[in-house]
Amino acid sequence: RAGGAAAVRLLVNKGRGSIAGIFKSDDIQGHRRYSGYAEALREAGLSLQDDRVLWYTTETRKKLISSSLLDIISGCDGLVCYNDEAAVEALAVLKENNIEVPGQLAVVSFDGSVYSSLSSPKLTSLILKKDELGSLAAKKLINIIKGYPEQPYVLPWSITEKEST
C-alpha cells in the first residue's frame with residue numbers, strides 16, 4: 001500500500017496531475033499497490049477514475065497492455081505500473097506510438113529488477129532492500145521456531161530514480 005502511495009507522490013512532486021495505473025488483479029500485492037495509489041490520488045486532490053486503471057492477470061498481461069494501454073493513458077501525464085515487467089511492456093507500446101517518456105508520460109514501477117536498468121529509458125522503480133528483507137525473515141523464523149510471538153513488520157520502500165520520471 002505504501003509503495004503505491006509513494007509512486008503517486010513522486011509523480012505529483014514531479015508536476016504530474018493525471019496519473020493512470022496498471023495493476024495485477026490475481027495477487028494481493030496488486031490490490032495493495034492500487035489501494036495506496038488511490039489513497040495518494042485522493043490526498044493530492046486528483047481524480048480517481050476507473051477508466052484510467054488497467055487490471056490484468058498473469059495470463060493476460062501482455063495482451064491487455066498492448067491492446068488497452070493507449071485508452072488507459074489518454075489525457076494522462078503519469079503512469080504507475082505494478083512491476084518492472086509490466087512497465088517494460090508499456091514502454092514498448094509507448095515507443096511504438098511515439099509517446100515520449102518522461103516528456104509526455106512519466107512512468108514509475110516496482111521491484112528494481114534488471115528490467116528497470118535494461119529498459120529504454122531506464123525505469124524509476126520502487127524497491128525493497130532484499131538483504132534487509134532476508135535478515136528480517138531469518139530473525140522472525142528463528143523466533144517462531146523458539147516459540148516467541150511475532151508481529152508483522154512493514155519494510156520501507158526506497159525509490160531509485162532513473163530516466164522515466
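Reader: In which loop does Pro121 lie?
Author: This is a predicted model. Helix H5 covers 114-118 and strand E5 covers 124-127. Pro121 sits in the loop between H5 and E5.

Reader: Which residue is joined to Pro121 by a cis peptide bond?
Author: The bond has an omega of about 0 degrees. The residue on the other side of this cis bond to Pro121 is Ser120.

Reader: What is omega for the cis peptide bond that joins Val101 and Pro102?
Author: Pro102 belongs to the loop between H4 and strand E4, residues 106-110. Its cis bond to Val101 has an omega of about 5 degrees.

Reader: Which residue has a positive phi although it is not a glycine?
Author: The residue is in the loop between H4 and E4. Its phi is about 55 degrees. It is Asn98.

Reader: Why is H3 oblique to H4?
Author: Helix H3 spans residues 61-73, and helix H4 spans 84-96. Their axes are 9 Å apart. H3 counts as oblique to H4 because angles under 35, over 145 or from 65 to 115 degrees fall in other classes, and this pair packs at about 60 degrees.

Reader: What is the handedness of the crossing of H3 and H4?
Author: H3 supplies Arg61, Lys62, Ile65, Ser66, Leu69, Leu70 and Ile73 to the contact. H4 supplies Glu85, Ala86, Glu89, Ala90, Val93 and Leu94. The crossing of H3 and H4 is right-handed.

Reader: How many residues of the contact of H3 with H4 are nonpolar?
Author: Four residues of this contact are charged, and one is polar. The nonpolar ones number eight.

Reader: At what angle do H1 and H2 pack?
Author: The axes of H1 and H2 are 6 Å apart. Their crossing is right-handed. The two helices are oblique to each other. The angle is about 40 degrees.

Reader: Which residues of H1 make the contact with H2?
Author: By class, the contact has five nonpolar, two polar and four charged residues. From H2 come Arg33, Gly36, Tyr37, Glu39, Ala40, Leu41 and Glu43. From H1 come Gly4, Ala5, Val8 and Arg9.

Reader: How much space lies in the largest pocket?
Author: The lining has eight nonpolar, two polar and three charged residues. The space in the largest pocket is about 330 Å³.

Reader: Which residues lining the largest pocket are the closest to its centre?
Author: The largest pocket is lined by 13 residues. The closest to its centre are Arg1, Arg32, Leu128, Val154 and Trp157.

Reader: Which helix gives the most to the lining of the largest pocket?
Author: Helix H1 (2-13), helix H2 (28-43) and helix H6 (130-145) each supply at least two lining residues. The top contribution is three residues. It comes from H2.

Notes
Residues are numbered from 1 along each chain as its sequence is written. This is a predicted model: local features need pLDDT of at least 70, side-chain atom pairs count only at pLDDT 80 or more; totals for chains, interfaces and linings use all residues. Side-chain values use heavy atoms; hydrogens and water are left out. Axes are lines fitted to C-alpha atoms, for helices over the stretch in contact, and angles run from 0 to 180 degrees between N-to-C directions. Helices (H or I, at least four residues) and strands (E, at least two) are DSSP runs, numbered from the N terminus. A crossing is left-handed if the near helix is turned anticlockwise from the far one by less than a right angle, and right-handed if clockwise. Contact means heavy atoms within 4.5 Å. Ala, Val, Leu, Ile, Met, Phe, Trp, Tyr, Cys and Pro count as nonpolar, Asp, Glu, Lys and Arg as charged, and the others, Gly among them, as polar. On a 1 Å grid over the protein atoms alone, a cavity is a set of points where a 1.4 Å probe fits but cannot get out, and a pocket is an open set with protein on both sides within 12 Å along at least five of seven lines; lining residues have an atom within 4 Å of a point. Grid points are joined across faces, edges and corners, and a volume is the space filled by probe spheres set on the points.
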